[in-house]
Amino acid sequence: MSLREWGIDGIFTLTVDNASSNLITIKFLQRVTKDWNGTVLENEFMHMRCCAYILNLIVGESLKEIDASVARVREAVKYVKSSPNRNQASRNFMERLGMESKSILCLDVPTRWNSTYFMLETTEKFEKVFLRMDFEDDGYSSYFRSKEDSGGLGSPCMSDFQNCRAFVTFLRLFYNTTKKFSGSLYVTSNAFFDEIFVIQESISHLVNSQNILLKNTTTNMQTKFEKYWGEGDKINPLLYVAVVLDPHKKLRILKFSFFEIYGNGVGNVMVNKVKAVLMKLYNFYCSVNSLNMQEPSGSEKTQMVGDASDPYVMVDSRYELFLEAEQSVGCSNEVDKYLAKNCDGRRDVNFEVLGWWKDNSSRYLMLSKVAKDVLAIPVSTVAFESAFSTEGRIVDPFRSSLSPLMVQNLVCAQNWLQATVPFSHRQSRDEVEALEEEFHDLGNMFKFWNL
């Protein structure tokens with residue numbers, strides 16, 4: 001009813017977590033919207049699993065049976081943070097060791113795995129302090145001695161910090177990936193496969209590691225990874241298509257990655273499947289839009305080139321058309337024509353995929369429409385800060401009491417306000433990330449003051 005009221009006549013994808021109620025909702029929407037005018041391929045690819053949610057499950061699996069090294073470090077941090085006197089004693093040891101650090105020790109929260117990452121990341125900078133306290137601080141050594149006498153863990157030693165340092169390096173990969181997946185000011189669908197490939201390679205490598213902590217951790221994670229992303233058919237094919245529609249990746253990066261993971265035989269089969277899905281989408285968009293679209297003729301293209309006031313620009317543009325015609329020989333459709341060209345902007349750090357498709361929409365009239373929809377797919381349903389919680393999302397009473405009409409008004413008002421203020425997506429993204437880091441530092445500082 002709401003979709004009808006808002007004038008939405010089709011759902012391309014719906015990104016949800018793994019709750020059983022969401023699966024029922026997806027099946028219901030697939031059925032009741034199947035005949036709507038805006039439906040694409042009978043809602044075949046509607047269901048999109050939240051990638052940040054799955055990452056959270058994978059990391060959570062690794063932390064279920066926490067290693068003794070991490071537990072000892074946590075106990076040491078808890079000791080220092082338990083009173084102002086103990087905290088000041090650790091600061092005194094820092095001064096005696098000639099250490100300077102703006103970092104503040106923080107104790108992790110069990111339901112937020114990123115807090116464990118932050119705790120270990122900051123604690124490794126204080127390794128020398130804790131090792132010195134173990135020898136010279138009577139209160140510290142007696143605290144852990146009593147722990148050991150009662151069957152608990154002792155104080156962290158050098159090998160414990162080495163284990164934690166390796167664990168931090170591994171968790172950093174997941175932390176950075178979750179940040180990318182949870183972005184809202186840039187395209188995320190084309191970045192999914194790169195991140196997953198790196199994670200899969202890292203897990204496969206560390207399963208055979210000599211480090212017992214990493215080996216046990218990644219073994220648990222591999223089982224969970226295989227459950228959701230282990231085989232190609234468990235991932236929505238549109239996420240592969242999004243990679244192909246990235247002009248500096250195309251099919252080449254998929255072919256390389258599939259060959260590395262599955263071998264040449266299976267890799268070729270999967271590449272062909274992805275291309276088949278892209279062709280299926282392209283043919284559908286052609287059937288829907290063919291009456292409303294007309295490709296410029298060769299004379300019209302020449303006329304557009306001839307309008308250039310700079311003769312150098314005019315010659316260069318005509319040469320580009322010549323190269324395009326040369327590369328398009330034997331290509332019967334826009335997909336083959338697009339894939340036949342070399343990858344663009346592969347080493348350009350400022351490359352904007354949406355900008356590229358906008359600039360090249362006259363060359364790929366139908367394929368650009370496919371790209372506009374596929375690249376707009378969000379791979380995460382949660383904001384950056386919510387992505388790390390293993391406790392579930394909680395809506396406060398104020399937000400949960402808003403009527404649907406008021407929510408609609410707020411969403412529209414925000415959209416109108418943003419539309420009147422031009423801004424750079426890349427600049428805004430950098431500013432948002434800088435603010436997030438600043439808020440994190442302030443949060444740690446407030447925790448320290450409160451204790």
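**Close-up views of a predicted model**

**View 1. Helix H6 and its buried residues.** Trp 113, Asn 114, Ser 115, Thr 116, Tyr 117, Phe 118, Met 119, Leu 120, Thr 122 and Thr 123 are the buried residues of H6. The model shown here, as in every view, is predicted. H6 spans residues 113–123, and 10 of its 11 residues are buried, so the helix is largely enclosed by the rest of the structure. For the protein chain, buried residues make up 40% of the 451 residues.

**View 2. The largest nonpolar core, seen around Phe 174.** This core has 96 residues. Phe 130, Phe 174, Phe 192, Trp 229, Leu 281, Trp 357 and Leu 367 have the most contacts inside it. Beyond four places in sequence, Phe 174 touches Leu 55, Ile 58, Val 59, Trp 113, Ile 199, Ile 203 and Met 221. Trp 113 also appears among the buried residues of H6. Another core, of 5 residues, lies apart from the largest one. Its members include Ile 11, Val 16, Leu 29 and Met 46. In soluble globular proteins, nonpolar side chains tend to be buried together.

**View 3. Val 129 in helix H7.** Val 129 sits in H7, residues 127–136. Its relative accessible area is 2%, under the 20% limit, so Val 129 counts as buried. Leaving out neighbours within four places in sequence, its contacts are Ser 90, Phe 93, Met 94, Leu 97 and Met 99. Glu 95 is 34 residues from Val 129 in sequence. The C-alpha atoms of Glu 95 and Val 129 are 9.6 Å apart.

**View 4. Helices H13 and H14 crossing.** H13 covers residues 250–262 and H14 covers residues 264–289. Their axes come within 7 Å and cross at roughly 145°. The crossing is right-handed. From H13, the contact takes in Leu 251, Leu 254, Lys 255, Phe 258, Phe 259 and Tyr 262. From H14, it takes in Asn 264, Val 266, Gly 267, Asn 268, Met 270, Val 271, Val 274 and Lys 275. The residues of this contact divide into 9 nonpolar, 3 polar and 2 charged.

**View 5. Asn 360 in the loop between H18 and H19.** Helix H18 (353–359) and helix H19 (367–374) flank the loop that holds Asn 360. Asn 360 has 10% relative accessibility and therefore counts as buried. A polar atom of its side chain lies 2.8 Å from the backbone oxygen of Trp 356.

**View 6. The whole chain, for orientation.** The protein chain has 22 helices and 2 strands. Of its contacts between residues at least 6 apart in sequence, 75% join residues at least 24 apart.

Terms used. Residues numbered from 1 in each chain as written. Predicted model: local features only at pLDDT ≥ 70, side-chain atom pairs only at ≥ 80, totals over all residues. Heavy atoms only, no water. Axes fitted to C-alpha atoms, helices over the stretch in contact; angles between N-to-C directions. Helix = DSSP H or I, 4+ residues; strand = E, 2+ residues; numbered from the N terminus. Left-handed = near helix turned anticlockwise from the far one by under 90°. Contact = heavy atoms within 4.5 Å. Nonpolar A, V, L, I, M, F, W, Y, C, P; charged D, E, K, R; others polar. Buried < 20%, exposed > 50% of the residue type's maximum accessible area, 1.4 Å probe, protein only. Core = buried A, V, L, I, M, F, W, Y, C linked by side-chain atoms within 4.5 Å. Polar contact = N/O pair within 3.5 Å; in protein donor to acceptor, adjacent residues only side chain to side chain.
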